[in-house]
Amino acid sequence: MNHERQFAKEIVRRLDETTENLAPEVVERLVEARRQAVLRMAAAHSQQPQGGGLMALLGSYFLQHQRSLSLAALIAAVLFTFVVTQQLTGHGHGEHGDAFLLASELPPEAYLDPGFYSWLKQQ
Amino acid sequence: MASTQELSNFLAQIERRAFKQTAYAVRDDHAAMDIVQDAMLKLAEKYAARPVEEYPMLFQRILQNTMKDYWRRQKVRGIWTTLLSSLGVSQHDDEEHDPLETMASDHDHGNPELQYEQQETIAIIEAAIKNLPTRQREAFIMRYWEDMDVAETAAAMGCSEGSVKTHCSRAVHALAATLEKYGFAKEVLDRAGGER
């Protein structure tokens, strides 16, 4: 194993020599490619949310989970609308029910109720 | 998170080896240059938030994937070339590659015999590396030229550590056999202090 490694290192030493003698245009293009990569990284860094602390953390979390958070917000809005609608329509039903009871005539069975009959006499 | 200066230093350290490594694989300097540039840009753009310690493994992984994309495109282009040549449209393609033809000949100022021999040795070593099976070449270069450890090489290649060791061992033996065929193995091994 050690012998293999020594042999490999000797090969690599020769390969290193080849990198010293690259054509000038290749070296120039590599330098330019590196410069472009550095600019690309600077742009990537600047796109990340600025500012420290909680807001930056929340901002990056939102960016990472944008789809699932949007879906959750939509579901919450639908549920909220449903609950509010139920509340409003239920309240209306109650008022209508009371008015109906007060306005309608008593059914004949009501006079058969002794409790109601005694109450009516006291009135 | 790596800084732009750290990225620049890292790329300056590996760019020449990356270019040679890619050129061995694709056998085309212009394509190799494009692939290395693509890999550099992808690393900078996609992994700007990663620590610089992860860059050697990440860069190798990106480089291998970019090479695979290149070969995929070449395969499609090859299908069209075959179709066109079958229709009688001539296409110049130098598939046959003789390592001695690519030997640098424009640096022979002060041209001693020793320099010629060194160039010849390097040309044969490079040809032997180019002729290694892809996985063996990847493992050999990452492990010994990039000096990555077995675990990092395995992560970059997407295989087990055992496979990396096997690929490396086979690559070394294949290189030794090729050099021996050209009569260079003894010289290289003597320098390595071995007694093969």
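A residue counts as partly exposed when its number of other C-beta atoms within 10 Å falls between the exposed limit of 12 or fewer and the buried limit of 20 or more. Arg27(B) has 14 such neighbours and is therefore partly exposed. The model is predicted. This briefing covers two loop residues of chain B with positive phi, Arg27(B) and Asp147(B), and then the side of chain B that touches chain A.

**Loop residues with positive phi**

- Arg27(B) is not a glycine, yet its phi is positive, near 60°.
- The loop that holds Arg27(B) runs between helix H1 (4-26) and helix H2 (29-46) of chain B.
- Asp147(B), also not a glycine, has a positive phi of about 60°.
- Asp147(B) lies in the loop between helix H5 (134-145) and helix H6 (150-157) of chain B.
- Because 11 other C-beta atoms lie within 10 Å of Asp147(B), this residue is exposed.

**Contact between chains B and A**

- On the chain B side, 39 residues are in contact with 29 residues of chain A.
- Two or more residues each come from H1, H2, helix H4 (113-130), H5, helix H7 (161-181) and helix H8 (185-192) of chain B.
- H1(B) gives the largest share of this side, 10 residues.
- The side of chain B that touches chain A comprises 23 nonpolar, 8 polar and 8 charged residues.

Methods: Residues are numbered from 1 along each chain as its sequence is written. Chains are lettered from A and ligands numbered from 1 in the order in which they are written. This is a predicted model: local features need pLDDT of at least 70, side-chain atom pairs count only at pLDDT 80 or more; totals for chains, interfaces and linings use all residues. Helices (H or I, at least four residues) and strands (E, at least two) are DSSP runs, numbered from the N terminus. Two residues are in contact if their C-beta atoms, placed from the backbone, lie within 7 Å. Ala, Val, Leu, Ile, Met, Phe, Trp, Tyr, Cys and Pro count as nonpolar, Asp, Glu, Lys and Arg as charged, and the others, Gly among them, as polar.
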